[in-house]
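Q: I should like to learn how to read a protein structure step by step. May we proceed feature by feature, with the general idea given before the case at hand?

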Amino acid sequence: MDNGDKKQYTGAQMVMESFIREGVDTIFGMPGGANLPLYDVLERGGVGINPVPEGVEPKSYPIKHYLVKHEQAAAHAADAYARITGKAGVCYGTSGPGATNLVTGIANAFMDSVPLVCVTGQVIRALIGRDGFQEADIQGITIPITKHNELVLDVDDIPRAMQQAFHIATTGRPGPVLVDIPRDTLQQKGEFYWSDKVQLRGYRQNGLVPDPNEIQKAADLIAQAERPVILAGHGVIISRAYDELLKLAETANIPVITTLLGISGFPGTHPLYLGMPGMHGMYWNNRAINDADLLIGLGVRFDDRVTGRLDDFAPKAKIVHIDIDPAEIGKNVRPAAAIHCDLKTGLTELNKHVKPGERTAWFEWIDEMRRDHPSIAIRETDEVLPQFVIDSIYRETKGDCIVCTGVGQHQMWAAQYFWYDKPNSFVTSGGLGTMGFEVPAAMGAQVAAPDDTVWSICGDGGFMMTLQELATIAEYDWPIKFAIINNGTLGMVRQWQELFYENNVVSTPLKSPDFVKLAEAFGIKGLRAERKEEVAPVIHAAMEHDGPVVVDFRVTYDENLYPMVPPGASLDETIDQPAMETAPAGKQEVKA
Amino acid sequence: MTNSTDDIRKIRPHTIIALVEDRPGVLNRVASKWRQRGFNIESLAVGHSEKPGLSRMTFVVDSDANAEQVVRQLDKLVDVVDIRDISHEDMVAREMAIIKLKSTKETRSQIIDIADLFKANLLDVSPDSLILEATGDEGKIDSLVTLLRDYEITELVRTGRVAMIRGGGVSHPELPKEEQYDRYPGVHTW
């Protein structure tokens with residue numbers, strides 16, 4: 001606790017000082033009229049009131065600001081940064097359009113439970129509600145897509161509001177928080193008051209300790225189960241419960257399925273790992289879920305893309321559900337054991353009670369299923385198949401990279417054909433399904449993990465939505481490798497038109513620019529692969545280049561994504577990959 | 001928690017009471033959640049509670065749908081300190097109505113007779129109109145209004161239900177302590 005000296009500081013200085021105290025080192029954003037005071041103090045640091053964090057020089061604290069070209073990219077980049085580091089991502093936008101441009105990014109973070117602190121400038125207080133220039137009621141707009149938001153009208157409230165924003169964003173089930181501050185409040189002076197305690201009577205941090213009865217119930221269910229599966233979600237990564245999950249799976253001998261956002265929460269080449277379930281999940285996973293007698297949901301929300309028709313989801317299974325968010329427990333499925341708890345803590349406790357299991361028959365059943373239904377086999381052909389490209393990237397990089405994706409077919413293929421051994425190495429937009437996420441997400445991931453190689457697997461549709469950020473990437477010389485899976489169409493949508501709209505292909509074929517020339521216009525290396533034998537050398541060339549690279553992979557136009565559960569159907573109705581002459585996909589080779 | 005779900009589901013309308021922060025935007029947040037899930041709020045009454053800085057809201061939501069999900073989502077709002085669905089509990093519920101009627105020399109005493117029957121108060125009398133105030137459960141107010149339909153009602157305003165559970169227990173029994181969480185610079189808690 002400190003009241004500091006009685007000196008007066010501006011609101012903008014207080015924001016900066018709050019960042020320093022919360023350990024912020026990276027901001028993505030764009031200046032404008034209303035948030036200029038924040039930029040004015042950007043390179044001057046905070047107010048430097050004692051006590052400062054240990055080892056931190058108050059005025060030289062390096063908060064690095066990255067100037068994006070569109071605020072949506074700031075929010076997505078902060079989102080990816082938060083996913084990789086586990087800290088709250090921070091982004092800036094000005095009032096009005098600056099703030100509304102953040103909205104997609106905020107909604108994306110909200111759906112995927114990503115801690116984000118967005119600070120927006122607002123028009124001066126005298127103009128609020130009077131349709132001032134560049135005014136938008138961003139607090140009202142973001143109510144349904146933030147965990148919390150606040151319009152700060154008094155300079156003295158800024159430290160409290162900032163502290164609460166970080167507290168709310170990063171604790172419990174994480175989520176985005178928006179703090180909207182009028183320009184004149186940022187310029188107003190006041191005393192800086194910082195408390196080491198957060199007081200929020202409506203925000204209880206519960207689920208810190210699991211209910212021992214439910215833990216025992218869950219342990220008993222696991223002991224009795226003959227055909228159990230673990231369904232691990234984003235919670236594993238958010239809670240960094242990799243070791244605990246591995247221990248549970250290995251001790252009790254239970255196969256692990258991860259949801260799209262749970263991918264890289266469990267080693268991809270581990271013998272117990274089965275891949276992804278759901279709409280485009282592995283055939284064997286969907287069958288295993290519907291044949292299991294116990295389903296252990298860890299940090300999952302049983303999304304409709306995972307469950308298929310809910311009434312027919314896991315009909316034979318009792319369900320154990322561990323989740324930090326009490327509102328998720330019992331929302332879509334009724335658990336037999338419900339553990340409301342942080343996943344790491346809950347699993348640590350559960351692991352104490354779990355006994356080794358055999359389950360030979362169950363594994364034989366699964367192996368048979370995998371043998372008979374090679375869901376991710378790749379067709380033998382001279383054409384460049386998108387799956388082949390993604391499989392090649394996996395082989396050539398040996399999986400040693402962080403993968404960011406957009407949304408669509410390429411995203412699903414990146415989930416199916418890549419085997420993520422490195423924890424938290426897959427960054428994708430799951431809940432909201434935001435096309436265009438791939439470009440700014442790669443920026444955030446690269447900033448968060450400067451020593452890692454970041455591969456951004458892009459759709460040609462999504463890439464066009466955020467490609468302006470190539471200028472940002474060129475400016476900061478982030479060595480991101482963009483692999484555009486260029487099939488000349490909005491592939492996933494075209495597939496739906498083909499399958500569910502009598503092949504009435506409307507507004508899905510794309511006339512894209514020359515991506516190589518485009519990259520070069522931004523000062524970025526551009527490469528292209530048009531034939532199968534060019535794919536591997538081009539990937540190598542991209543890896544060997546020090547700076548950013550855009551690779552245009554010209555793949556077949558009409559490749560469909562399988563397996564597929566038709567919308568509204570049950571997991572039992574999974575359509576597997578059509579029968580084909582096959583070549584083995586990467587995983588088998590890596591394992592051999 | 002889950003056992004009572006089926007009981008709650010059978011009861012309509014739902015009566016839900018919430019203790020919320022008394023600050024701008026709270027009503028907006030709360031209403032937004034109901035809207036998002038497609039619930040129509042039949043009535044909503046808000047006013048100060050026994051705790052400084054906190055208001056108490058009473059919602060009536062007429063729906064077959066299970067309101068439990070919304071209640072849980074509302075409970076997650078930072079501005080909602082506590083919330084519970086008391087539909088299945090033994091409660092007292094009242095609302096107030098103020099009714100303006102046209103009246104003449106002839107009808108005035110008849111209207112006052114009806115008002116007396118319902119223990120309604122006369123708030124205002126003028127040569128050609130009068131205003132009644134009635135308090136009771138919705139059924140009582142409905143009956144009064146029905147009887148008064150014989151005369152010309154020119155304006156009717158109802159507060160909507162306010163409710164409280166019976167007995168010594170309070171609606172939000174564990175009055176939230178001023179909970180504090182340690183928060184140290186540069187340390188994130190997850």
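**Reading strands, helices and domains**

A: Let us begin with a pair of strands: strand β4 (residues 89-93) of chain A and β5(A) pair in the parallel sense over five bridges. Within this pair, A:Cys91 stands opposite A:Cys118 in β5(A). Please keep in mind that this is a predicted model.

Q: How does the chain get from β4(A) to β5(A), and what is the handedness of this crossover?

A: One follows the chain from one strand to the next and notes what lies on the way. Here the path leaves β4(A), passes through helix α4 (residues 97-111) of chain A and arrives at β5(A). This β-α-β crossover is right-handed.

Q: Which strand besides β4(A) pairs with β5(A)?

A: Strand β7 (residues 176-182) of chain A pairs with β5(A) in the parallel sense, over seven bridges. As an example, A:Gly121 has A:Ile181 in β7(A) as its bridge partner.

Q: How should one read the two faces of a strand, and are those of β5(A) covered or open?

A: The general idea is that side chains in a regular strand alternate between the two faces of the sheet. In β5(A), A:Leu116, A:Cys118, A:Thr120 and A:Gln122 lie on one side, with A:Val117, A:Val119 and A:Gly121 on the other. These residues are all buried, and both faces are covered. Since seven of the seven residues of strand β5 (residues 116-122) of chain A are buried, this strand is largely enclosed by the rest of the structure.

Q: In what order do the strands of the whole sheet stand?

A: To read a sheet, one lists its strands from one edge to the other. This open sheet of chain A has six strands in the order β3-β2-β4-β5-β7-β6, and the pairing is parallel. At the edges stand β3 (64-67) and β6 (148-151) of chain A; each has a single partner strand, so one side of each is left without a neighbour in the sheet. From one strand to the next, the twist averages 20°.

Q: How many bridges join the edge strand β3(A) to β2(A)?

A: Four bridges join β3(A) to strand β2 (residues 26-29) of chain A, again in the parallel sense. In this pair, A:Thr26 is found opposite A:Lys64.

Q: May a helix be read in a similar way; is α1(A) enclosed or open?

A: One again considers the burial of each residue. In helix α1 (residues 11-21) of chain A, 11 of the 11 residues are buried, so the helix is largely enclosed by the rest of the structure. Among the buried residues are A:Met14, A:Phe19 and A:Arg21. After α1(A) comes A:Gly23, whose phi is positive, near 75°.

Q: Into which domains is chain A divided?

A: At this level one treats whole stretches of chain as units. Chain A comprises domain 1 (9-190), domain 2 (212-372) and domain 3 (378-561). The C-alpha centres of domain 2 and domain 3 of chain A lie 30 Å apart. Their contact involves 13 residues of domain 2 of chain A and 14 residues of domain 3 of chain A. On the domain 2 side, the residues divide into seven nonpolar, six polar and no charged.

Q: What domains does chain B have, and how many residues of each make the contact?

A: The assignment gives domain 1 (5-89) and domain 2 (93-163) of chain B, and 29 Å separate their C-alpha centres. Eight residues from domain 1 of chain B and six residues from domain 2 of chain B take part in the contact. On the domain 1 side, β1 (14-21), β2 (41-48) and β3 (54-61) of chain B each supply at least two residues. The largest share of that side, three residues, comes from β2(B).

Conventions. Residues are numbered from 1 along each chain as its sequence is written. Chains are lettered from A and ligands numbered from 1 in the order in which they are written. This is a predicted model: local features need pLDDT of at least 70, side-chain atom pairs count only at pLDDT 80 or more; totals for chains, interfaces and linings use all residues. Two strands pair if DSSP finds at least two bridges between them. Axes are lines fitted to C-alpha atoms, for helices over the stretch in contact, and angles run from 0 to 180 degrees between N-to-C directions. A residue is buried if 20 or more other C-beta atoms lie within 10 Å of its own, exposed if 12 or fewer, and partly exposed in between; C-beta atoms are placed from the backbone. A crossover is right-handed if, with the strands pointing away from the viewer, the path from the first strand over the helix to the second runs clockwise. Domain bounds come from an automatic or database domain assignment. Two residues are in contact if their C-beta atoms, placed from the backbone, lie within 7 Å. Ala, Val, Leu, Ile, Met, Phe, Trp, Tyr, Cys and Pro count as nonpolar, Asp, Glu, Lys and Arg as charged, and the others, Gly among them, as polar.
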